[in-house]
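Student: I have a protein model to study, and I want to learn how its labels are justified. Can we go through them one by one?
Tutor: Yes. Here it is.

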Amino acid sequence: MPASTVLDLFNGADGDALTTHTPDLADLSWTTHASWGNACSIYGNRARQGQNESVAYLSLAVPSRASEAWGVEAPVYYAAAQTGAYGGVWAGVTGAKTGYVVYWYGGDWTLYKYVAGVGSSLGTWTGSFSVGDTKTVRMRFTSTQVIVSIDGTDRITATDSSITPTRLGVYGA
């Protein structure tokens, strides 16, 4: 898999809409995914989900998983215990609500798949995560698998090739 590239450090004023923020890697922009609808913002040099479910993705086109292994990685910070609030990473398509998400909620990290708005769990891993902690979450793809690692250790592996992501981004609900 290619070396990691920093795409955005989320340096900006608290409350700035992610879509008006310029990522650190030149010539990219953030877009709110229309199927998830709610805008993300910057808070404490982090992406923060909007109200309810939200996805913001970068304009960067990703390689075809059939020809090149690639992944999306981000530090996920546990800001405060809130019922029903969680965040993570996303890789999917710009059309109908279709993509893979990884998030932590209630003691479990979950790899979830949406196809045209219909969701299903592809796997979970139980791991501790406390207020004030940061975990490095990586979701990577091969031609036939989706692999999730937490802090550098593979924790969830699912055999699934039904979605060919074209964009990567942040997810929250």
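Student: Let me start with Asp 151. Why is Asp 151 called partly exposed?
Tutor: Its relative accessibility is 42%. Buried means under 20%, and exposed means over 50%. Asp 151 has 42%, which lies in between, so the label is partly exposed.

Student: Where is Asp 151 found?
Tutor: Asp 151 sits in the loop between strand E11 (145-150) and E12. Keep in mind that this is a predicted model.

Student: What makes the phi of Asp 151 worth a remark?
Tutor: Its phi is positive, about 50°, although Asp 151 is not a glycine. Most residues other than glycine have a negative phi. Ala 116 is another residue with a positive phi, near 50°. Ala 116 is placed in the loop between E8 and E9.

Student: Why is Ala 116 called exposed?
Tutor: The cut-off for exposed is over 50%. Ala 116 has a relative accessible area of 56%, so it counts as exposed.

Student: How do you know that Asp 151 and Lys 135 form a salt bridge?
Tutor: Look at the closest N and O atoms. They are 3.8 Å apart. The rule asks for a Lys or Arg nitrogen within 4 Å of an Asp or Glu carboxyl oxygen. The value 3.8 Å meets that limit, so the pair is a salt bridge. Asp 151 lies in the loop between E11 and E12 and Lys 135 in strand E10 (residues 134-141), so the pair ties together parts 16 residues apart in sequence.

Student: Is Lys 135 buried or exposed?
Tutor: Lys 135 has 16% relative accessibility, and buried means under 20%, so Lys 135 is buried.

Student: How many salt bridges does the rule give?
Tutor: The count is four. One of them joins Lys 113 and Asp 160, with the closest N and O atoms 2.8 Å apart. Lys 113 lies in strand E8 and Asp 160 in the loop between E12 and strand E13 (167-172), so this bridge ties together parts 47 residues apart in sequence.

Student: What makes Lys 113 and Asp 160 buried?
Tutor: Use the cut-off of under 20% again. Lys 113 has a relative accessible area of 13%. Asp 160 has 10% relative accessibility. Both values are under 20%, so both residues are called buried.

Student: How do you know that Asp 154 and Arg 140 meet in a salt bridge?
Tutor: The N to O value is 2.9 Å. The limit is 4 Å, so the pair qualifies. Asp 154 lies in strand E12 and Arg 140 in strand E10, so the pair ties together parts that are 14 residues apart in sequence. Asp 154 itself, at 42% relative accessibility, is partly exposed.

Student: Now the sheet. Why are E1 and E9 said to stand at the edges?
Tutor: Start with the order of this open sheet: E1-E4-E13-E6-E7-E8-E9. Its seven strands pair in the antiparallel sense. Strand E1 (30-32) and strand E9 (118-126) each have a single partner strand, so one side of each is left without a neighbour in the sheet. On average, neighbouring strands here are turned by 25° against each other, direction ignored.

Student: How do you know that E8 and E9 pair?
Tutor: A pair needs at least two bridges. Strand E8 (residues 108-115) and E9 have eight, so they pair, and the sense is antiparallel. Thr 110 stands opposite Thr 124 in E9.

Student: What makes strand E5 (residues 70-77) a case of alternation?
Tutor: Trp 70, Val 72, Ala 74 and Val 76 point to one face and are buried. Gly 71, Glu 73, Pro 75 and Tyr 77 point to the other and are not. E5 also pairs with E10, antiparallel, over eight bridges. There, Ala 74 stands opposite Val 137 in E10.

Student: Which residues have the most contacts inside the largest nonpolar core?
Tutor: They are Leu 18, Val 102, Leu 111 and Met 139, in a core of 34 residues. E5 gives the most to this core, with four residues. Another core, of ten residues, lies apart from it and includes Trp 36 and Trp 90.

Student: How confident is the predictor?
Tutor: The average pLDDT is 84, and 92% of the residues score at least 70. Among the elements, strand E3 (residues 47-48) has the lowest mean, 78, and strand E12 (residues 153-159) the highest, 97.

Definitions and conventions. Residues numbered from 1 in each chain as written. Predicted model: local features only at pLDDT ≥ 70, side-chain atom pairs only at ≥ 80, totals over all residues. Heavy atoms only, no water. pLDDT = per-residue confidence, 0-100. Helix = DSSP H or I, 4+ residues; strand = E, 2+ residues; numbered from the N terminus. Axes fitted to C-alpha atoms, helices over the stretch in contact; angles between N-to-C directions. Buried < 20%, exposed > 50% of the residue type's maximum accessible area, 1.4 Å probe, protein only. Salt bridge = Lys/Arg side-chain N within 4 Å of Asp/Glu carboxyl O. Core = buried A, V, L, I, M, F, W, Y, C linked by side-chain atoms within 4.5 Å.
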